[in-house]
Amino acid sequence: MAKNIKSGKKLKYNITIFNDIMNIKMNVGGDRLEITKNTHTPDMLELYKRFEVYPYKNLFSIVVLKKSPDINMKSFTHTHDDYEFILPITPIPGLTNEDAIYFGEPGYAYPVSSGRRHGLKYELNDVSHHDICINKDLFEKYVKEYSGKVVDFNSEFPASIILYDYIDKYKRLALQDYQGKDIEMNAIITLICFELIKGGLNVPEGRTESLSEKDEWTQISDYLTANCVEPSIIEETCDRYGMSHTSFTKKFSKIFKVPPYQYVLRARISKAKMLMEFSDETITSIAKKCGFASLSRFSTVFKQRCGITADEYLKQKRKMR
């Protein structure tokens, strides 16, 4: 399993890094739960109302935002020393990172480097995500071990199936209490960190669907996302904002680093994933509701974007209920 992280490297050495950092932090003292609270919300009661919380000592935490129409995520921005990775379970429009806005898509990880101002642009409810926070010193030592240098993690990347498996394993271990738990926790945290680093370092240069925070383009992205299932949404958007198709495509592609049609497809697939996970509708019905002209077209796009068929994805998600 260690070879999946870095060819030729033994996991034992990586755990040594973890233990060195842990000893330093435990000698200093502090409470990972308090750090988790400060990272996510200033109110401890609110933390447990809104999140499933899985902290580990002074170094690492995973929280899961509970999906509920009664739980509102208010607009906010903040900073902290931890490195943070947001993995949407449902689509989350309006993730911010400094002066950029992202459409949070399930299946992707959205990293935030230490000290960067980030948050949520809009008040939302009925959304869910995994949130991984990692001690700055620990994560930067892992990055140096993997790449030989400190890297700025701020572009989204596909979250691997292996990463989700490690996250599930970590959450199960975090709820247990047994002799030798620390050894297993150190190992699984090491695996999670290296899987995140591997994903972040494989992002092609300039690949980010960020949107400069200008009012007009914020409105345009909102409109596209909200109406992505409409058959002629791009043409309607051009008319609405008084731009030719050529001009709109050029400007949009420059800002998002992706053509508007591909952005719309991405939003449609995100909506389809959410329906597959949280509804009992058939794939045919989902394809139609998400703006695809035919089931075959939906199936082709889904396989291209997700790496598995829609049928396989649906079976996986509904089996997990």
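A patch is made of residues with over 30% relative accessible area and no salt bridge, where like charges are joined within 9 Å and nonpolar side chains (Val, Leu, Ile, Met, Phe, Trp, Tyr) within 5 Å. The model is predicted: local features need pLDDT of at least 70, side-chain atom pairs count only at pLDDT 80 or more, and totals for chains, interfaces and linings use all residues. Residues are numbered from 1 along each chain as its sequence is written, and side-chain values use heavy atoms, with hydrogens and water left out.

**Exercise 1. Which residues gather in a patch of negative charge on the surface?**

Step 1. Fix the signs: Asp and Glu count as negative, Lys and Arg as positive, while His and the chain ends are not counted.

Step 2. Place each charge at CG of Asp, CD of Glu, NZ of Lys or CZ of Arg.

Step 3. The patch that results holds E230, E235, E236 and D239.

Step 4. Locate one member. E230 lies in the loop between α7 (215-226) and α8 (233-240); helices (H or I, at least four residues) and strands (E, at least two) are DSSP runs, numbered from the N terminus. The relative accessible area of E230 is 33%, so this residue is partly exposed (buried means under 20%, exposed over 50%, partly exposed in between; 1.4 Å probe, protein chains only).

**Exercise 2. Describe the chain as a whole.**

Step 1. Count the elements: the chain has 13 helices and 13 strands.

Step 2. Assess burial: 50% of the 321 residues count as buried.

Step 3. Take the accessible surface, computed by the Shrake-Rupley method with a 1.4 Å probe; for residues, only the protein chains shown count as cover. The total is about 15700 Å², and carbon and sulfur atoms contribute 50% of this area.

Step 4. Sort the contacts (heavy atoms within 4.5 Å) by separation. Among those with a separation of 6 or more, 70% join residues 24 or more positions apart.

**Exercise 3. Which parts of the chain does the salt bridge between K67 and D126 tie together?**

Step 1. Apply the criterion: a side-chain nitrogen of Lys or Arg within 4 Å of a carboxyl oxygen of Asp or Glu. Side chains of opposite charge can pair when their charged atoms come close.

Step 2. In the salt bridge of K67 with D126, the closest N and O atoms are 3.0 Å apart.

Step 3. K67 belongs to the loop between β2 (60-65) and β3 (72-73), and D126 to the loop between β10 (124-125) and β11 (129-134), so the pair ties together parts 59 residues apart in sequence.

Step 4. Check accessibility. K67 is partly exposed at 30%, and D126 is partly exposed at 28%.

**Exercise 4. How many salt bridges does the whole structure have? Describe some of them.**

Step 1. The search of the whole structure gives 9 salt bridges.

Step 2. One of them joins K136 and E140, with an N to O distance of 3.3 Å. These two residues are 4 apart in helix α4, and therefore separated by about one helical turn. K136 is partly exposed at 30% relative accessibility, whereas E140 counts as buried at 16%.

Step 3. E281 and K289 also form a salt bridge, at 2.8 Å from N to O. K289 is partly exposed, with 44% relative accessibility.

Step 4. A network of salt bridges links E105, E156, R266 and R305.

**Exercise 5. Compare sequence separation with spatial separation for L138, I220, E84 and E123.**

Step 1. L138 sits in helix α4 (residues 136-147) and is buried at 0% relative accessibility. Its C-alpha atom is 7.4 Å from that of L59, although the two residues are 79 apart along the chain.

Step 2. I220 is part of helix α7 and is buried, also at 0%. T237 is 17 residues away in sequence, with a C-alpha to C-alpha distance of 7.4 Å. Leaving out residues up to four places away in sequence, I220 touches T237, Y241, M243 and F248.

Step 3. E84, in strand β5 (residues 83-88), has a relative accessible area of 4% and is buried. From E84 to K136 the separation is 52 residues in sequence and 9.5 Å between C-alpha atoms.

Step 4. E123 lies in the loop between β9 (118-120) and β10 and is partly exposed at 48%. N72 is 51 residues from E123 in sequence and 6.8 Å away, C-alpha to C-alpha. With residues up to four places away not counted, E123 touches N72, M73, K74 and S75.
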